[in-house]
Amino acid sequence: VTGVQTCALPILCWVCLVCLGQGYDVSNNMCHTEYVVEKLMVGLLYKGRSLYMDNFYNSVQLSQKMLKKLTYTTGTLRSNRKNNPKDVINKKLKKGESISMYTEDGICIVKWKDKRDVLMISSEFPHSMCEVNTIREIKEKPISVVKYNENMSGIDRQDQMTSYYPFERKSLRWYKKIGFHFLPL
């Protein structure tokens with residue numbers, strides 16, 4: 001599963017979970033994505049680690065659960081998730097503007113306008129802006145966006161490179177596709 005990476009182990013694969021879409025006992029008020037994250041983080045919780053996730057996995061409820069297990073989360077957030085603050089989601093912003101809101105337990109939800117709206121959630125970083133040098137100019141970005149880009153760029157780059165060489169079309173067997181995925185390019 002790509003999109004979930006821990007900061008302490010950026011190169012190693014800690015655990016691999018093949019999601020077939022069925023056969024999971026999702027109970028105790030937990031959705032499927034929360035179940036996947038919990039399974040992937042077994043052995044890494046309660047140690048003060050940082051977890052970076054893309055918007056498929058992230059939610060306010062999951063960040064609250066991970067914070068109770070002493071694991072900080074940072075990542076992008078889908079605007080239609082439950083428990084998202086409506087004031088932040090519905091706010092119209094101009095380029096460079098941002099708005100944030102904190103939950104009762106200190107989780108920060110930030111909406112920032114770059115070329116398009118970027119919605120971030122972090123239990124580790126506050127809503128503060130920092131200057132980033134780009135090729136053409138100096139921009140101000142929220143610290144959660146900067147840290148997310150630093151830690152997730154390897155996964156995004158790997159996904160980009162594998163999209164250029166779609167070797168999994170050579171086989172229709174799912175287990176062969178997984179084997180080819182783990183071979184280095």
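Let me start with a single side chain, phenylalanine 56, which counts as partly exposed at 39% relative accessibility, whereas tyrosine 57, the residue that follows, is buried, with a relative accessible area of 6%. I should say at once that what we are looking at is a predicted model.

These two residues also meet through their rings. The count of aromatic pairs comes to one, and in that pair the ring centres of phenylalanine 56 and tyrosine 57 lie 5.1 Å apart with the planes at 85 degrees, so the arrangement is edge-to-face, the term for angles over 60 degrees.

Tyrosine 57 leads us inward, since it belongs to the largest nonpolar core, a set of 12 residues that also includes Leu17, Val36, Leu51 and Met66. Helix H1 (32–40), strand E2 (50–53) and helix H2 (60–68) are the elements that give two or more residues to this core, and H1 gives the most, with three.

Methionine 66, another member of that core, is in contact with Val37, Glu38, Leu45, Leu51, Thr71 and Thr73, if we leave aside its neighbours within four places in sequence. Apart from this core lies another, of 10 residues, among them Val110, Trp112, Val145 and Met152.

Stepping back to the whole protein, we have five helices and eight strands, which run β-α-β-α-β-α-β-β-β-β-β-α-α from the N terminus on. Of its 185 residues, 37% count as buried, and the protein exposes about 11,800 Å², of which carbon and sulfur atoms supply 52%. Finally, among contacts between residues at least 6 apart in sequence, 49% join residues at least 24 apart.

Notes
Residues numbered from 1 in each chain as written. Predicted model: local features only at pLDDT ≥ 70, side-chain atom pairs only at ≥ 80, totals over all residues. Heavy atoms only, no water. Helix = DSSP H or I, 4+ residues; strand = E, 2+ residues; numbered from the N terminus. Buried < 20%, exposed > 50% of the residue type's maximum accessible area, 1.4 Å probe, protein only. Contact = heavy atoms within 4.5 Å. Areas by Shrake-Rupley, 256 points an atom, 1.4 Å probe, with all protein chains shown as cover. Phe/Tyr/Trp six-rings, centres within 6.5 Å; stacked < 30°, edge-to-face > 60°. Core = buried A, V, L, I, M, F, W, Y, C linked by side-chain atoms within 4.5 Å.
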